[in-house]
Amino acid sequence: MSLYGLVICGGESTRMGTDKSLLVYYQKPQHEHVADLLAPLCERVILCCNAEQYKAFRTGYPKLADLPKYGGAGPMSGLLTAFETFPGNDFLVAGCDYPYLSTDELANFLHNTDKDLPAAAFYNANGFYEPLLGWYSQSTNNALRKAFENGSRSLQRFLIAENAGKYRPLSGKTMLSADTMDDFQSVKRALESENDFQNGDQFDNQP
């Protein structure tokens, strides 16, 4: 079976006040940046979008709009749609909320994930999964669909029920989620400061 990457772009971004997938931390919209992070690890990367994003995004990556029958379930809608559209594949899922996410951290996550488990996800210090930083094997498809049909819309509850693997990232920053415009501006300043420091250090080390 193949590993596909799934970038979760949807969501109303209510607290942010603007589409989080369009924010720019690294010279390109976040949905493109996250897709680029997944690309070295996956056979194929798909952008999971809402209807408006599907029309608006100009991208070289395939786009996937939620199937109507799975509508209204947030990220679960995207994952169910992906399983039905691309059957027989595992999915490495990443949301657009995490500006410090890296390919190295995702690679370490995959390396340390027990593939005998049905799923695994990043796990935070508060004792909760980060469902939008996770690996979902194709074997979870039926259980996920049954959960949806029974009225559940929570990937958190699903991961708990499946006794999914728990991954604690190498860097505490990885799970930092930018949810408001203040968060976005703060992260931008921090990234610019880090970049300035690195550039200055390189300059200082030149002969």
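This is a short tour of a predicted model, stop by stop, with residues to select along the way.

Residue numbers start from 1 along each chain as its sequence is written. Because the model is predicted, local features need pLDDT of at least 70 and side-chain atom pairs count only at pLDDT 80 or more, while totals for chains, interfaces and linings use all residues, and side-chain values use heavy atoms, with hydrogens and water left out.

**Stop 1: the record's binding site**

Start by selecting I8, C9, G10, K20, D66 and D97, which UniProt lists under "binding site" in an unreviewed entry. UniProt positions appear in the numbering used here, feature names are shortened, and such annotations may be inferred rather than shown by experiment.

Now centre on I8, in strand β1; helices (H or I, at least four residues) and strands (E, at least two) are DSSP runs, numbered from the N terminus. I8 is buried, at 9% relative accessible area. Here buried means under 20% relative accessible area, exposed over 50%, and partly exposed in between, with a 1.4 Å probe and protein chains only. Show the contacts of I8 (heavy atoms within 4.5 Å): leaving out residues up to four places away in sequence, they are C48, P75, V93, A94, G95, C96 and L132.

Then move to K20, in the loop between β1 and α1. This lysine is buried as well, with a relative accessible area of 15%.

**Stop 2: the cysteines**

How many disulfides does the structure hold? Zero, where a disulfide is a pair of cysteine sulfur atoms within 2.5 Å. Select C9 and C96 to see why: the sulfur of C9 has its closest cysteine sulfur in C96, 4.3 Å away, which is too far for a bond. C9 is buried, at 3% relative accessibility. Next pick C42, whose sulfur lies 14 Å from the closest cysteine sulfur, that of C9, again too far for a bond. C42 is also buried, at 10%.

**Stop 3: two loop residues with positive phi**

Most residues other than glycine have a negative phi. Select Q27 for an exception: this residue is not a glycine, yet its phi is positive, about 65°. Q27 sits in the loop between β1 (3-8) and α1 (30-38) and is exposed, at 77% relative accessibility.

For another, go to N163, also not a glycine, with a positive phi of about 50°. Look for N163 in the loop between α6 (155-161) and β7 (165-167). Is N163 buried or exposed? With 51% relative accessible area, N163 is exposed.

**Stop 4: Y100 and its contacts**

Select Y100 in the loop between β4 (90-95) and α4 (103-111). Y100 is buried, at 16% relative accessibility. Setting aside neighbours within four places in sequence, Y100 is in contact with Y26, K173, T174, L176, V187, A190, L191 and E194. Add F184 to the selection: Y100 and F184 are 84 residues apart along the chain, and 12 Å separates their C-alpha atoms.

**Stop 5: the second largest pocket**

Finish at the second largest pocket, which holds about 250 Å³ of space. On a 1 Å grid over the protein atoms alone, a pocket is an open set of points where a 1.4 Å probe fits, with protein on both sides within 12 Å along at least five of seven lines; lining residues have an atom within 4 Å of a point. Grid points are joined across faces, edges and corners, and the volume is the space filled by probe spheres set on the points.

Ten residues line this pocket, and Y25, Y26, L191, E192 and N195 are the closest to its centre. Y26 and L191 also appear among the contacts of Y100. Colour the lining by class to find four nonpolar, three polar and three charged residues; Ala, Val, Leu, Ile, Met, Phe, Trp, Tyr, Cys and Pro count as nonpolar, Asp, Glu, Lys and Arg as charged, and the others, Gly among them, as polar.
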